[in-house]
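Open the structure in your viewer and keep the selection tool at hand. Each stop below says what to select and what is there.

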Amino acid sequence: MNTQNTILSTRNLCVGYSGKEILKGVELQFKKGEFISLLGPNGAGKTTLLRTLSKHLKTINGKVLVNNEDISAMKQERLAQTMSVVLTEKVKPPLFTVYDFVAMGRYPHTHWSGRLEKKDDGVIMESLTMVHARELVFRDLSTLSDGERQKVLVARALAQQPDIILLDEPTMHLDLKHRMEVMSILQRLCRDKGICVVASLHDVDIAAKLSDKVALVKGGAIQAFGPPENVLQDDAVTQLYDFSNASFNRMLGTIEMKNSEKKGKVFVVGGMGSASVLYRLLAKKEYHIFTGMLHKNDIDYHVAHSLGAHCLVQPHIDKFSEEICKWAKEEMSQCDWVIDTGFGLEKVNGDNICLLKDALAMKKPVLSLRNGQSREHFTALEYDEIHFLDDECQLVDEMETITFKAT
Ligand SMILES: Nc1ncnc2c1ncn2[C@@H]1O[C@H](COP(=O)(O)OP(=O)(O)OP(=O)(O)O)[C@@H](O)[C@H]1O
């Protein structure tokens, strides 16, 4: 095991309350400058682990080591010189200015009398600057918004000048803008200051994009630990959260929602990313989606597959095989609607144009998002048979209107 640069680690750690185990056999190693996310469902033990790593909670068994030193033998003040902690509780200290609150982070470094010196003032202001909150310095803490308060909490942690920051759900209560801002501030601290940041998070997609490593916490143990590129496989995430109506797609880095398929069967002829928005809309509106013919490296395939659509897919970028063309025609014949996404007319897609022509020959209702010159691929007769629409929303509205009129 390579322990170089390891700043925080655990050995056969068992954590819990009053002797009751919540997680056991925890073996983790965090290095300087790493961003680590703890992921897992509610109640899995992420907070309990963070509280144990920060010595707020006694271990049931095993060890927590900071710079190879067992923290059980360390005084809290000495530990605070290396590690700071930001917990979830909404702090409402009475009549504190932001400055006074951030200044509390200096306590492990100040004179025994608690008196602040000029250099402490410098660190406090630098900490506020690092989290883009310098202008809040004279504000009363109780008047801040959730996003502003979260940044000030991180500033207090920074004022401790730690090598490690532990955070429990740092993005809780934050809107998307502040969530991204706080996360990028934390990432900067790792990159620029070499701080090791360990945070419990609920946003898998953000964790996948920002973290150097993720730990999956579930079922009383760490299920996996390593770079998100290795650990966050489609099935691992789907199982971690016991998704029944959603699935994680590693390639897209997103979670796709699967819906019930109460409405009619739709065959989408797409490709090269032209169908992805439409698939999501059709799934949201509870249509039963069939799609093809796609190549396996097409983003449309990944979105459709994650949504649980039935995909006719070919592994190689090649002309589609006769067999797949035959299956596509058969499946299309079972569908109530056929949609042309307006996919590119490159040679490789020639078979998909043929498929649309087959749909017209079968007298299927064909709706198309194709515009401009590419419509010329249809004969005047075919052209008259197609409902051309400007965008995905209009197209699905049109389907709902036709269905309504028919019933
Ligand atoms: N003070 C406590 N005493 C006893 N049990 C506790 C205490 N705090 C939490 N627990 C229990 O420990 C388990 C793990 O809780 P923990 O808060 O660590 O989970 P978590 O992964 O952080 O969850 P969440 O994502 O919901 O915040 C839960 O079953 C919880 O009920």
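Select G308. This glycine sits just after helix 11 and takes a positive phi of about 85°. Keep in mind as you go that the model is predicted.

Now step back to helix 11 itself, residues 299–306. Is this helix mostly covered or mostly uncovered? It is mostly covered, with 7 of its 8 residues buried. Highlight D300, Y301, H302, V303, A304, H305 and S306 to see the buried ones. Next, show what lies over them. The cover includes strand 12 (246–249) and strand 13 (254–257). Helix 10 (276–284), strand 15 (288–295) and strand 16 (310–314) are also part of the cover.

Stay with strand 15 and select M293, which lies in that strand. A cis peptide bond joins G292 and M293, with omega about -15°. In general, most peptide bonds are trans.

**The two domains**

Zoom out. Colour residues 6–241 as domain 1 and residues 254–406 as domain 2, following the domain assignment. How many Å separate the centres of the two domains? The separation is 47 Å, taken over C-alpha atoms.

**The ligand**

Go to the ligand and show the residues around it. On the list are Y17, I22, G40, N42, G43, A44, G45, K46, T47, T48 and S200. Which helix gives the most to this shell? Helix 1 (residues 46–53) does, with 3 residues. Colour the shell by class: 3 residues are nonpolar, 7 are polar and 1 is charged.

**Helix 5**

Select residues 146–159, which form helix 5. The helix has 14 residues and reaches 20 Å from its first C-alpha to its last. That is close to the 20 Å expected at 1.5 Å a residue.

Helix 5 is mostly covered, since 11 of its 14 residues count as buried. Among the buried residues are R149, Q150, K151 and R156. V152, L153, V154, A155, A157, L158 and A159 are buried too. Now show the partners. The buried residues pack against strand 7 (83–86), helix 3, helix 4, strand 8 (164–168) and helix 6 (176–193). Finish here with Q161, just after helix 5, where phi is positive at about 50°.

**Three loop stops**

Select H132, in the loop between helix 4 and helix 5. Its phi is near 55°, a positive value in a residue other than glycine. H132 counts as partly exposed because it has 15 C-beta neighbours inside 10 Å.

Jump to K363, in the loop between helix 13 (350–361) and strand 18 (366–368). Phi of K363 is near 65°, again positive in a residue other than glycine. Is K363 buried or exposed? K363 is exposed, because 8 other C-beta atoms lie within 10 Å.

Last of the three is Y107, in the loop between helix 3 (98–103) and helix 4 (118–130). Y107 is partly exposed, because 14 other C-beta atoms lie within 10 Å. Add A80 and draw a distance: the two C-alpha atoms are separated by 8.7 Å, though the residues are 27 apart along the chain.

**Confidence**

End by colouring the model by pLDDT. The mean for the protein is 90, and 97% of its residues reach 70 or more. Where is confidence lowest, and where highest? Strand 13 is lowest, at a mean of 84, and strand 10 (residues 213–218) is highest, at 98. For the complex, the predictor gives an ipTM of 0.98 and a pTM of 0.84.

Terms used
Residues numbered from 1 in each chain as written. Predicted model: local features only at pLDDT ≥ 70, side-chain atom pairs only at ≥ 80, totals over all residues. Domains from an automatic or database assignment. Near = placed C-beta within 6 Å. Helix = DSSP H or I, 4+ residues; strand = E, 2+ residues; numbered from the N terminus. Nonpolar A, V, L, I, M, F, W, Y, C, P; charged D, E, K, R; others polar. Buried ≥ 20, exposed ≤ 12 C-beta atoms within 10 Å, placed from the backbone. Contact = placed C-beta atoms within 7 Å. Expected span 1.5 Å × (residues − 1). pLDDT = per-residue confidence, 0-100.
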